[in-house]
Amino acid sequence: MIEVRASEDRGTTQLGWLDGRHTFAFGGYADPTFRGFRSLRVLNEDRLQPGFGFGMHPHRDMEIVTYVLSGELSHEDDTGTSSVLAAGDVQAMSAGTGIVHGEFNRSADAAVHLFQIWIEPDRSGAAPRYAEKSFRDALAAGGLTLLASRDARDGSLEIHQDADIYGASMRTGDEMEHSLLRGEHAWVQVVSGSVTVASVDLGEGDGAAISAESKVIVRSRADSQILLFDLA
């Protein structure tokens, strides 16, 4: 079974400096139909204009994964961590008992394009932690690249949930098959290009919830990038 979330149906936040698209209910955007899928709670696509960003703000008991597509994103938090994420970099932050952080586009002339993902953790009150890694070369090589997982296998970043987050770059005509490891649920998000999933065509910005399936087959109709979530 597949349920499509069309790009144009996503919620939006337009602030001049921020172009935000929300797959699920988020902030001031309420959507009783799309409040998340399994442990996937937030899937935001953001573009930040030069010199702007999100000021210091708190989180707790949430796994926050940020995937930078272009530009550079500056991060700082109250644990003393300070870093700059570039295209192909992924950040995994466990808010746990509480963390305060900010994210900014420090560039004077280039926008930052990113996806921010929130996963509900499998425990509350964990110690906050932060990690980041570049997956640029692995993603460029094609095929599925494991970005985050509970057991940090294959060089992925660790999160507190039985969920796998994959990224993939596909050439026109490529076909990719993924057997679902922990159940029969997955979410596919088209970052760019266009693909076919379960005989359903998806374009840039479209997403799809997949249930009661043992595997996901994705065929690219153009050069494409996707995110794939294997969810319990």
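Me: Which residues does Q161 touch in this predicted model, leaving out those up to four places away in sequence?
Reply: Q161 touches S39, I119, E120, P121, D122 and R150. Each of these has heavy atoms within 4.5 Å of Q161, so each counts as a contact.

Me: Where does Q161 sit?
Reply: Q161 lies in the loop between β14 (157-158) and β15.

Me: Why is Q161 called buried?
Reply: The relative accessible area of Q161 is 13%. The cut-off for buried is under 20%. The value falls under that cut-off, so Q161 is buried.

Me: What makes β9 a mostly covered strand?
Reply: 6 of its 6 residues are buried. Each is therefore under 20% relative accessible area.

Me: How do you know that both faces of β9 are covered?
Reply: In a regular strand the side chains alternate between the two faces of the sheet. On one side of β9 are D89, Q91 and M93, and they are buried. On the other side are V90, A92 and S94, also buried.

Me: Why is β9 said to pair with β6?
Reply: Pairing needs at least two bridges. β6 and β9 have 5, in the antiparallel sense, so they pair. In this pairing, Y67 stands opposite V90 of β9.

Me: What makes β12 (residues 129-134) a partner of β9?
Reply: β9 and β12 share 6 bridges, again antiparallel. At least two are required, so this is a pair. Here V90 stands opposite K133 in β12.

Me: Why are β1 (2-5) and β14 called edge strands?
Reply: The open sheet has 7 strands, in the order β1-β20-β17-β22-β15-β13-β14, with mixed pairing. β1 and β14 each pair on one side only.

Me: How do you know that β13 and β15 pair?
Reply: They have 5 antiparallel bridges, against a requirement of at least two, so they pair. One bridge joins G143 to S169 in β15.

Me: What makes the largest nonpolar core a core, and which residues have the most contacts inside it?
Reply: It has 27 residues. They count as a core because they are buried nonpolar residues joined through side-chain atoms within 4.5 Å. Those with the most contacts inside it are L40, I117, I165, W187, L227 and F229.

Me: Which strands each supply at least two residues of this core?
Reply: They are β4 (40-48), β6 (63-70), β9 (89-94), β11 (112-119), β13 (143-149), β15 (163-170), β17 (185-192) and β22 (224-231).

Me: Which residues does the second, separate core include?
Reply: That core has 18 residues, including L146, Y166, L180 and I226.

Conventions. Residues are numbered from 1 along each chain as its sequence is written. This is a predicted model: local features need pLDDT of at least 70, side-chain atom pairs count only at pLDDT 80 or more; totals for chains, interfaces and linings use all residues. Side-chain values use heavy atoms; hydrogens and water are left out. Buried means under 20% relative accessible area, exposed over 50%, partly exposed in between (1.4 Å probe, protein chains only). Helices (H or I, at least four residues) and strands (E, at least two) are DSSP runs, numbered from the N terminus.
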